[in-house]
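Here are my notes on the model you sent over. Have the structure open while you go through them.

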Amino acid sequence: MDANQSGVWTINQDREKKIVVTHVNVRQSIVFLITKLIALDALATFIALVFFSPLAVPLSTEIKTQIVSYNIWYFGLLFFVKIILTLFVVLEWLNEYYEITPTKIVHRRGIIWCKEDVNDISGEKSARITAIGIQQGVLGRIFNYGTLFFYDRGVYKYYYMYYIHNPLRYLEILHHLLPNADVEKDIVREHI
């Protein structure tokens, strides 16, 4: 993968075919989306168990009948709240991503009010980025996610791309864009 003069990435295949890529979108690993959705289901199950727990206690038949008579409204409300929260979690995951171009890294997030953080990595500012790296633990190796970072010595600050999918691939892309930067790897094991 090479960046040419116009800032467009190309992949040479057989010297005749070219794939042109102007940017790469990087999202948080889907493992975290699935984890949030499972937690949401577990919370809904817990709430349902709390609602019906008085039925296991010796109560009068009249009280038990009242509890059961409200179950349609209860489950209807639980259904709509769960759907709304599920949509929010999925939309939040879809609308938070990093965009890597040959000249900048942009972090976009937000569903209604979108926020954007731009880090220039071209020209004079690319010399300010002295280190790029990866942090990846055991679960990150198993599920193929990790955190990328780069250090901007102009503002003395680390910038992070948290829990992204396939971080080694994007570390390689950043290394091609910033060949003079030191590469730091904090990986449990290179090969599991």
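Which strands each supply at least two residues of the lining of the largest pocket? They are strand 6 (104-109), strand 7 (115-120) and strand 10 (157-165).

1. Ground rules. This is a predicted model, where local features need pLDDT of at least 70 and side-chain atom pairs count only at pLDDT 80 or more, while totals for chains, interfaces and linings use all residues. Residues are numbered from 1 along each chain as its sequence is written, and side-chain values use heavy atoms, with hydrogens and water left out. Strands (E, at least two residues) and helices (H or I, at least four) are DSSP runs, numbered from the N terminus.

2. The pocket. The largest pocket holds about 200 Å³ of space. A pocket here is an open set of points on a 1 Å grid where a 1.4 Å probe fits, with protein on both sides within 12 Å along at least five of seven lines; lining residues have an atom within 4 Å of a point. The volume is the space filled by probe spheres set on those points. There are 13 lining residues, and His107, Asp117, Asn119, Tyr159 and Tyr160 lie nearest the centre. Strand 10 gives the most, with five residues.

3. The sheet. Strand 10 turns up again in an open sheet of four strands, ordered 10-9-8-11 with mixed pairing; two strands pair if DSSP finds at least two bridges between them. Strand 10 and strand 11 (182-187) are at the edges with a single partner strand each, so one side of each has no neighbour in the sheet. Strand 8 (residues 129-136) and strand 9 (residues 145-152) run antiparallel, joined by six bridges. In one of the pairings, isoleucine 132 has phenylalanine 150 of strand 9 as its bridge partner.

4. Glutamine 135. This residue sits in strand 8. Its relative accessibility is 35%, so it counts as partly exposed (buried is under 20%, exposed over 50%, partly exposed in between, with a 1.4 Å probe and protein chains only). Leaving aside residues up to four places away in sequence, glutamine 135 touches Gly146, Thr147, Phe149, Tyr160 and Asp186, a contact being heavy atoms within 4.5 Å. Glutamine 135 and phenylalanine 149 are 14 residues apart in sequence and 8.1 Å apart, C-alpha to C-alpha.

5. Strand 4. Look at residues 24-27: Val24 and Val26 point to one face and are buried, whereas Asn25 and Arg27 point to the other and are not. Strand 4 pairs with strand 5 (residues 97-100) in the antiparallel sense over four bridges, with asparagine 25 opposite glutamate 99.
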